[in-house]
Amino acid sequence: MSFRALAISMTFLFMVSACFESPVSITSPPSEKVDNTLLGYWVSKSHSPTEPPLKLVIMPFDQNQYLLTWQDGTEIFNARGFASILNGQQYMNIQNVMSTDPKERTFVYFQFSLPSPKSLSVKMISSDTASLKDKTFSTSQQLAQTLTNTKKSDIKFEDPILFERTPAFKFEAVKEKPSK
């Protein structure tokens, strides 16, 4: 499964073209320290009544990177993440680590906020952002410069996903209902 599909599942998006995806991070190497307020167990609040909530665990990988694990329905995904700050705006670079194929180890980008200690909101940069549309960047510097030169109001985001902090949980294999 491509990382675009992983990102879509993480944000309950239904269109493949919704998220901006790139082979490079916004900044490299990761330099921002892990934000301990993000660490922990989270469950989505904005899910369909007929679908199970998205479960998300954010753990420190090292002093600058996160290990993210999430379950969407029956599938469990892993990614690495790290923060980048441009023009005072904090972005999370999320990279697929579920493949050894460099073409699938791409990045998507989020902004996040903690409206309260028990609430997390994430929103993904949309491929509808005019300065990013149909562009492929070969270096982090090119991507960072493009975002820096784009007015804050011109960066488009997908609808935010709201999470609620929860006690620790285990990911469980979910059995598919047999088809009739």
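With a relative accessibility of 33%, Leu67 counts as partly exposed. This residue of the predicted model makes a friendly starting point for a tour of the chain. Leu67 belongs to strand β4, which covers residues 66-72. Together with Met59 and Phe61, Leu67 makes a nonpolar patch of about 290 Å² on the surface. Residues enter such a patch only with over 30% relative accessible area, and Leu67, at 33%, can therefore take part.

Stepping back from this patch, the whole fold comes into view. The chain contains two helices and nine strands. Followed along the sequence, these elements appear in the order α-β-β-β-β-β-β-β-β-α-β. A helix thus opens the pattern, eight strands come next, and a helix and a strand close the series.

How much of the chain is buried? Of its 180 residues, 43% fall into that class. The surface that the chain exposes comes to about 10100 Å², and carbon and sulfur atoms supply 55% of this area. Contacts across the sequence add to the picture: among those between residues at least 6 apart, 59% join residues at least 24 apart.

Charged side chains offer a last stop. How many salt bridges does a search of the whole structure find? The search finds one. In a salt bridge, the side chains of Lys133 and Asp128 meet, with 3.5 Å from N to O. Is Lys133 buried or partly exposed? Its relative accessible area is 41%, so Lys133 counts as partly exposed, just as Leu67 does at 33%.

Key:
Residues numbered from 1 in each chain as written. Predicted model: local features only at pLDDT ≥ 70, side-chain atom pairs only at ≥ 80, totals over all residues. Heavy atoms only, no water. Helix = DSSP H or I, 4+ residues; strand = E, 2+ residues; numbered from the N terminus. Buried < 20%, exposed > 50% of the residue type's maximum accessible area, 1.4 Å probe, protein only. Contact = heavy atoms within 4.5 Å. Areas by Shrake-Rupley, 256 points an atom, 1.4 Å probe, with all protein chains shown as cover. Patch = residues over 30% accessible without salt bridge, like charges linked within 9 Å, V, L, I, M, F, W, Y side chains within 5 Å. Salt bridge = Lys/Arg side-chain N within 4 Å of Asp/Glu carboxyl O.
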